[in-house]
Amino acid sequence: MSASKSETSETADSSWPPGRGGAAQDDTVSEPCSELLAALLDGMDAALCAFAADGTITHWNREAERILGWSPDEAVGRRGFTGWAVRRADADEVARRLMAVMAAPGRQVDEFALLRKDGGRVLVRTQSARVLGADGSPAGVYCAFSEVHAQIDLERSIALSEALFDDASWGVVLVDVDLRPTTVNGYAERALTAGGASPLGRPLGEMIVEGVEQLESSLHHVLAEGAQRGLSEVWVTLAGGTADDRAGSGSAGGRRRCWRSGFLRLGSPLAEEPVPLGVAWLFHDVTESRLAEQEADRLRFRAGQLHRAGRAAAESADPTAAAMTYLDFALAGFADHVVVDVVEAGEGGRLVRAAATPTGAPGPCLPVPGGGPPLTYPPGHPALQAADRTGSVRASAPGTASGAELAKWSKDRRWPRESAHALCTVLRSRGRTLGVVTFLRGPSRPAFERPDAVYAESMSSLTASALDLAALVAR
């Protein structure tokens, strides 16, 4: 906004702007003040004009020129908008409402249809207030205005921000360049915190035990390159949580969740060049649907394995080979190793290792040549428990066990060295316990769960029937 020479002389005579009228001032002081005022007005983002008490325009900035097309030289010194910036039919009403603010304190908001220099009309929203002179009496009016559509866009943006941080059904987190949350809505706060502590200002690694690397990588990419295409799904394990959460997740850390996430880079609208202020991270918890999909896929695969195993075993002339076929099909995607212990013939009823997969590397389940010696399982061994209960027993090494402790854990139970999770299920046929089959997983895989036991029992019943038939054939 610039002030013309005519503006300077007029404001000095009419005590406008306030604080400058009345007393004579040194030219060396008034000139820099006038230049500073002009620079401040021209730097404003809003259009601004000012009126003396008689309605004469005293100030007109560059934003007002941009909106209406009239330069400061053309606007300053005119009396109101009549005859150039407003239609004659509207002139009296506009002047009355603008100057009425001189009679009351506070700010007044109005909407007017003004004329551009090229003849077009533009609807503006004005905020006007009176200006008091040095003696405290009304000396004029200042009026800031902007195009209504621009104001509405701003109000929509503010309303959107408030809605997102109030009742949104998605989590919204604003992350600064240090990847620390600066603002979160209620959904995100509930999702990120388990112990009640606020997530604001805390590193993400304090709230997320697993999956934080993928999340931070996405945030860094958005800060450097901009928004990613589409949404991404991030599996995370949250710190804390209840015992049920930890049991369901298979992790010692806490709750395991799947968040469908989108990321937007935030840049300052005031900078000439885009300066990243952080990232807006929007996410929605889709854990339940993803787990349901995974369970459905798993059930379809296992049903297919049972079908294929039955077809393949039916083509085996040797019942023992058919039993091994069932176990080989059961291993696919389910376990790393399997061992088969059968009840020794005679009165002792001890377990004897009958078949196993090779240790150290994956391979097919093969019978132990000549039969193994009786197994000296310690009391309370999971295989003995499964035989006593005629059901299934799950066991896992402690989650904090070191490599040496894990090796000792598996060695004490007569299982392959790399075992960390076991599922023992009884072999039953014709109302008799024939033995126990044990499925084993390594430490990199999750522990067995109840649905896994159901699948293992289905395969073990088929295996038991084949082994029982093999014993009958042998006799």
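Which residue forms a salt bridge with arginine 298? The legends below give the reply along with other close-up views.

The model is predicted: local features need pLDDT of at least 70, side-chain atom pairs count only at pLDDT 80 or more, and totals for chains, interfaces and linings use all residues. Residues are numbered from 1 along each chain as its sequence is written, and side-chain values use heavy atoms, with hydrogens and water left out.

**Figure 1. A salt bridge within helix H11 (residues 287–314).** Arginine 298 forms a salt bridge with glutamate 295, and their closest N and O atoms are 2.5 Å apart. A salt bridge is a side-chain nitrogen of Lys or Arg within 4 Å of a carboxyl oxygen of Asp or Glu. The two residues are three positions apart in the helix, so about one helical turn separates them. Helices (H or I, at least four residues) and strands (E, at least two) are DSSP runs, numbered from the N terminus. Arginine 298 is partly exposed at 32% relative accessibility, and glutamate 295 is partly exposed at 23%. Buried means under 20% relative accessible area, exposed over 50%, and partly exposed in between (1.4 Å probe, protein chains only).

**Figure 2. A salt bridge between distant parts of the chain.** The side chains of aspartate 336 and arginine 445 meet in a salt bridge, with 3.1 Å from N to O. Aspartate 336 lies in the loop between helix H12 (319–331) and strand E12 (337–343), whereas arginine 445 lies in the loop between strand E17 (432–441) and H15; the pair is 109 residues apart. Aspartate 336 has a relative accessible area of 30% and is partly exposed; arginine 445, at 23%, is also partly exposed.

**Figure 3. An open sheet of five strands.** The strands follow the order E2-E1-E5-E4-E3, and the pairing is antiparallel. Two strands pair if DSSP finds at least two bridges between them. Strand E2 (57–60) and strand E3 (107–115) stand at the edges, each with a single partner strand, so one side of each has no neighbour in the sheet. From one strand to the next, the twist averages 25 degrees. Axes are lines fitted to C-alpha atoms, for helices over the stretch in contact, and angles run from 0 to 180 degrees between N-to-C directions. Three bridges join E2 to strand E1 (residues 47–52), and alanine 50 stands opposite histidine 59 in E2.

**Figure 4. Helices H5 and H6 on the sheet.** Helix H5 (residues 88–99) packs on the sheet and touches E1, E3, strand E4 (121–132) and strand E5 (138–147); its direction makes about 155 degrees with that of E3. Helix H6 (residues 148–164) touches E3, E4 and E5, and its direction makes about 75 degrees with that of E5. Contact means heavy atoms within 4.5 Å.

**Figure 5. Leucine 179 and arginine 414, two residues with positive phi.** Most residues other than glycine have a negative phi. Leucine 179 has a phi near 65 degrees and is placed in the loop between strand E6 (171–175) and strand E7 (181–184). This leucine 179 counts as buried at 6% relative accessibility. Arginine 414 has a phi of about 60 degrees and is placed in the loop between helix H14 (403–412) and strand E16 (421–429). At 35% relative accessibility, arginine 414 counts as partly exposed.
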